[in-house]
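Here is a short note for a colleague who is opening this entry without prior knowledge of it. The points below are numbered and can be read beside the structure.

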Amino acid sequence: MSHTARKKSNAERKAKQRSVLFISALDVWSLGNGKGGPALYNTLIGYASRGWKVYFITGNRGDISGHDLHENINIIRFDAPWLKKLMKIKKIGFFAKAIAKAIWWFYFQIVSFVIAIYMGRKHQFDVVYGYEIYGTPVAKLLSKIWGVPMVSRFQGTIFGVRWDNKIFRNLIAWEHFLGLRVPADLIIMTNDGTQGDKVLLELGIDMHRVRFWMNGVSWDYFRILPAQAEAKESLGIGAKNVLLTLSRLVSWKRVERSIRALPNIICDFPNTLLFIVGDGPERESLKKLAQDLGVADHVCFAGAIPYNEIAKYFVAADIFLSFYDCSNVGNPLLEAMMAGKCIVTLNNGDTGQFVKNGENGILLEHEDLPRLPEVIKGLLADEERRRYLGANARKFAEENFWTWEERIRAEIAEVEKLVARRAGK
């Protein structure tokens, strides 16, 4: 091929390159570079690695740049840290927090809109993508102005599971109500057990536009696992019995339920250690609880761990614990199944679709929580049962989970249909 022909071919390929604008109040990683839930990271990387030009407006002053992730990713940041700090202060009261939240919502919509309009003068976007509830309202407005398709994406929802009074819910959680009701061309709701499909149906969303999908998983970190003794040794915990929780340390994930079970457990199994992996606003109160219960020496707060290192924590664990208020089908539970762990969790949301009691885990009803110490002690005393439940959990994961490669491929296929349909009008 001649130099002129090659140059023309490169120019044509560049001219055909798709471009997507993501808008979100979330950052690439929720707990720092490489730490926290991997969904947003894998989505951005998924588009970029398939040749899309990715622009990401986020309401966070983080230190991750787009080119740190991929040459096709550009990140544009803004923030209002004083507002975020105000919303986290427990002493200021409900109404002050509500006002601060409303100010942040309006500030986010206005600033991200202005940034996007300025970017639109230099770049032509094929798709506008509202990632989570703060991103969808402004994304819809931009899609109207530019005449391009809009995609909305939700990582599950707390909007439907915990509320009995729907009118009260709509008022108190108004930002969820507004964000979820945005009529996008394609709505991707994560099947994380929080029954987001039922929430969207209740809100009157056209379900033909909804894709109710599980997140992908990263088998690369779990396909070949070290021996448990080796993993324990690498973490410096020797032959201890290890219980594990892994989550962001926020109130509704109820990590304190695992800590409260410890005093009873260590009476019969004094060589037991609870590993708490993750970080968040509840960390100090959880530490105080452990001290008040006299079990601080039996609790290890590991903090936020890089995603590529978490497999060894699962391998080291004898039992994985998860007692969220809403649903327990987050990435940690999926990863515990991939690691072949014995799981003890709560039967809420759609958790029962993944964990079958006595078959691939222990599924407790809420009223069974007082029995939690006895349940855990029974499992610690029965290694054969732990192995049986863990093996079945691993088998379920291998038969039912799809990789991030498969998950993103399915999404982009749907988005490209939207772009082609809009171009054909």
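1. Two strands, β8 (241–246) and β11 (319–322), each supply at least two residues to the lining of the largest cavity. The model is a predicted one, and it holds one cavity of 30 Å³ or more. The space in the largest cavity comes to about 60 Å³.

2. The residues that line the largest cavity are Thr245, Leu246, Ser247, Lys253, Arg254, Val255, Ser258, Leu321, Ser322, Phe323 and Tyr324. Sorted by class, this lining has five nonpolar, four polar and two charged residues.

3. Arg254, one of the lining residues of the largest cavity, sits in the loop between β8 and α11 (256–268). Its phi is positive, about 50 degrees, although Arg254 is not a glycine. Most residues other than glycine have a negative phi. Is Arg254 buried, partly exposed or exposed? Arg254 counts as partly exposed because its relative accessible area is 24%, which lies between the cut-offs of 20% for buried and 50% for exposed.

4. A positive phi is also found at Glu132, where the value is near 75 degrees and the residue is again not a glycine. Glu132 belongs to the loop between β4 and α6 (135–146). With a relative accessibility of 15%, Glu132 is counted as buried, because buried means under 20%.

5. Asp126 lies in the loop between α5 (94–120) and β4 (127–131). What does the side chain of Asp126 reach? The partner is the backbone nitrogen of Ser19, at 2.8 Å. Setting aside neighbours within four places in sequence, the residues in contact with Asp126 are Gln17, Arg18, Ser19, Val148, Pro149 and Val419.

6. The largest nonpolar core is made up of 68 residues. Which of them have the most contacts inside that core? They are Tyr47, Trp52, Val54, Phe314 and Phe401. A second core of 38 residues is separate from it, and Trp105, Phe154, Phe159 and Ala173 are among its members. In soluble globular proteins, nonpolar side chains tend to be buried together.

7. The surroundings of Val54 can be listed in full. Not counting residues up to four places away in sequence, Val54 touches Val20, Phe22, Leu44, Tyr47, Ala48, Asn72, Ile73 and Asn74. One of these, Tyr47, is also named with Val54 among the core residues with the most contacts.

8. Ala80 is placed in the loop between β3 (73–77) and α4 (81–88). Ala80 counts as buried because its relative accessibility is 3%, under the 20% cut-off. Apart from its neighbours within four places in sequence, Ala80 is in contact with Trp104 and Tyr107. The C-alpha atoms of Ala80 and His298 are 39 Å from each other, and the two residues are 218 residues apart along the chain.

9. Gly204 occupies a position in the loop between α9 (196–202) and β7 (210–213). Is Gly204 buried or exposed? Gly204 counts as exposed because its relative accessibility is 60%, over the 50% cut-off. Pro183 is 21 residues away from Gly204 along the chain, and their C-alpha atoms are separated by 9.7 Å.

Methods
Residues numbered from 1 in each chain as written. Predicted model: local features only at pLDDT ≥ 70, side-chain atom pairs only at ≥ 80, totals over all residues. Heavy atoms only, no water. 1 Å grid on protein atoms, 1.4 Å probe; cavity = no way out; pocket = protein on both sides within 12 Å on 5 of 7 lines; lining within 4 Å. Points joined across faces, edges and corners; volume = space filled by probe spheres on them. Helix = DSSP H or I, 4+ residues; strand = E, 2+ residues; numbered from the N terminus. Nonpolar A, V, L, I, M, F, W, Y, C, P; charged D, E, K, R; others polar. Polar contact = N/O pair within 3.5 Å; in protein donor to acceptor, adjacent residues only side chain to side chain. Contact = heavy atoms within 4.5 Å. Core = buried A, V, L, I, M, F, W, Y, C linked by side-chain atoms within 4.5 Å. Buried < 20%, exposed > 50% of the residue type's maximum accessible area, 1.4 Å probe, protein only.
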